[in-house]
Amino acid sequence: MVGQGKRAEAMRLLEESGSVDLHLESFIWTRALGYDLTVAHGAGPLRGIFMSQSDLPRLARSGLTASVQSIATMPARTGRGRVKTLVDNVRRLRRIIDSTPGFSVVSDTGGYRRARSRGEHACFLAVQGGNAFEKDTDLDLVEDGLVTRITLVHMSDSGLGRTSNPLGGLFRPRGLTAKGAGLVSAMNARRIIVDLAHIHEQGFRDALDVHDRSLPPIVSHTGVRGVHDSWRNLADWQIRAIADRGGVVGVFVHAWALAPWHRGAGVAKVVEHMEHVICVGGEQCAALGSDLDGLIVPPSDMRSIDRLWVLVERMMDRSWSEKRIRLVLGQNFSRVLADVRR
């Protein structure tokens, strides 16, 4: 009974905090394998490793109020092919979500509030890989301004800049290119959230140099080097830079980047990374960006989105105040959203 009461308390906090997951990649499996987002899936043949970690029915049970659904860019396509594919994929994902009872696609604070008032799970749409846009005006091709956030660089170099991935960043200068700087400015003008996950450190600096100082940038899904020194994780100066601009750092649940050889990388390690973000950048800087279904290996005690209550229990185990839990689960991102997309 004690365990059940604790879980109920965790679910209450999830539901009342306006909790948001800043990064889910489930749609990539719909595109690649026909993965049906409207069906509740089990752990699959890989037992929740790499994929089969989220879908709309499990999201409905998760306690999350909202999620950011990512559309990854295929770099092998031609420039115009990437733009056309993105426009088609935005329409496809929107149809899937809007046709599912209890879900709706939203793009700003007003839409989010309306979805919550109806008891719906709000889905924001994001692009991972700004090279989906051949030129700045391509940003206007996405219907109804539905792209809320763009991750500038993904796992490979592009005409925008260099990735932090040591296997994908071998031939391009480390900084942001002029084209990348132009995209940042164009996103600021259209009030699209700039996401600095995956970008090389020099590109990170360059992007902040050209970013409108009145708007907060974010890092949607990452770990931190202060807990585990991985190429995929942020240095303390990067956390401070995001905090100084009023942005948030979303911590993911990728065990291989949370601890050496993922030893001891249970959900408690996710909370440890969040605590380091808080230590460096303050309570208003930390958020959740799980990266589930993004070819990651989640901790064995949370390989499905509907087990987010375990994360909240670990926060409670570490004596987090209810105020801190609410900030990290949703209020911090809601502040950013209001600052950029009123």
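## Exercises on a predicted model

To warm up, take G102: its relative accessibility is 36%, so it counts as partly exposed. Keep in mind that you're working with a predicted model.

### Exercise 1: Get to know G102

Find where G102 sits, and work out which residues beyond its sequence neighbours are in contact with it.

**Solution.**
- Step 1: Find the place. G102 is in the loop between α4 and β3, where β3 covers 103–105.
- Step 2: Check the exposure class. Partly exposed lies between the buried cut-off, under 20%, and the exposed cut-off, over 50%. With 36%, G102 is therefore partly exposed.
- Step 3: Look for contacts. Skip the neighbours within four places in sequence, and you're left with E120 and H121.
- Step 4: Look at a C-alpha distance too. L56 is 46 residues away from G102 along the chain, and their C-alpha atoms are 9.4 Å apart.
- Step 5: Link G102 to a pocket. G102 helps line the second largest pocket, and so do its contacts E120 and H121.

### Exercise 2: Hunt for disulfides

How many disulfides does the model have? Use C279 as your test case.

**Solution.**
- Step 1: Recall the idea. A disulfide is a covalent bond joining the sulfur atoms of two cysteines.
- Step 2: Recall the cut-off. The two sulfurs must be within 2.5 Å.
- Step 3: Try C279. Its closest cysteine sulfur belongs to C285 and is 12 Å away, so that's too far for a bond.
- Step 4: Give the count. The model has zero disulfides.
- Step 5: Compare surroundings. C279 is exposed, because its relative accessible area is 67%. C123 has a relative accessible area of 0%, so it is buried.

### Exercise 3: Describe the pockets and the cavity

Describe the largest pocket, the second largest pocket and the largest cavity by volume and lining.

**Solution.**
- Step 1: Start with the largest pocket. It holds about 570 Å³ of space. Its lining has 27 residues, and Q128, H154, M155, G294 and L295 lie nearest the centre.
- Step 2: Ask which elements contribute. α2 (27–33), α4 (79–98) and α9 (255–258) each supply at least two lining residues, and α2 gives the most, with four.
- Step 3: Sort this lining by class. You get eleven nonpolar, ten polar and six charged residues.
- Step 4: Move to the second largest pocket. Here the space is about 160 Å³. Its lining includes L59, A60, G63 and R116, and by class there are three nonpolar, five polar and two charged residues.
- Step 5: Turn to cavities. Searching the whole structure gives one cavity of 30 Å³ or more, and the largest cavity holds about 60 Å³. Among its lining residues are R31, I71, M74, R82 and A132. β2 (66–72) and α4 each give two or more residues to this lining, with α4 supplying the largest share, four.
- Step 6: Sort the cavity lining. It splits into five nonpolar, three polar and three charged residues.

### Exercise 4: From α7 and Q238 to the core

Which residues of helix α7 (201–210) are buried, and what do they pack against? Then see how Q238 fits in.

**Solution.**
- Step 1: List the buried residues of α7. They are G203, F204, D206, A207 and L208.
- Step 2: Find their partners. They pack against α6 (178–190), β7 (219–224), β8 (233–234) and α8.
- Step 3: Place Q238. It belongs to helix α8, residues 236–244. Its relative accessibility is 2%, so it is buried.
- Step 4: Check its contacts. Apart from neighbours within four places in sequence, Q238 is in contact with E201, F204, R225 and N233.
- Step 5: Follow F204 into the core. F204 is one of the residues that touch the most other members of the largest nonpolar core, which has 86 residues. Helix α10 (267–281) gives this core the most, with seven residues. There's also a second, separate core of 18 residues, including A66, V68, V106 and F124.

### Exercise 5: Two positive phi angles

Where are S52 and D293, and are they buried or exposed?

**Solution.**
- Step 1: Note the angles. S52 has a positive phi of about 60° and isn't a glycine. D293 isn't a glycine either, and its positive phi is about 70°.
- Step 2: Find the loops. S52 is in the loop between α2 and α3 (56–62). D293 is in the loop between β10 (286–288) and α11 (308–317).
- Step 3: Apply the buried cut-off, under 20%. S52 has 7% relative accessibility, so it is buried. D293 is buried too, because it has 0%.

Methods:
Residues numbered from 1 in each chain as written. Predicted model: local features only at pLDDT ≥ 70, side-chain atom pairs only at ≥ 80, totals over all residues. Heavy atoms only, no water. Buried < 20%, exposed > 50% of the residue type's maximum accessible area, 1.4 Å probe, protein only. Contact = heavy atoms within 4.5 Å. 1 Å grid on protein atoms, 1.4 Å probe; cavity = no way out; pocket = protein on both sides within 12 Å on 5 of 7 lines; lining within 4 Å. Points joined across faces, edges and corners; volume = space filled by probe spheres on them. Nonpolar A, V, L, I, M, F, W, Y, C, P; charged D, E, K, R; others polar. Core = buried A, V, L, I, M, F, W, Y, C linked by side-chain atoms within 4.5 Å.
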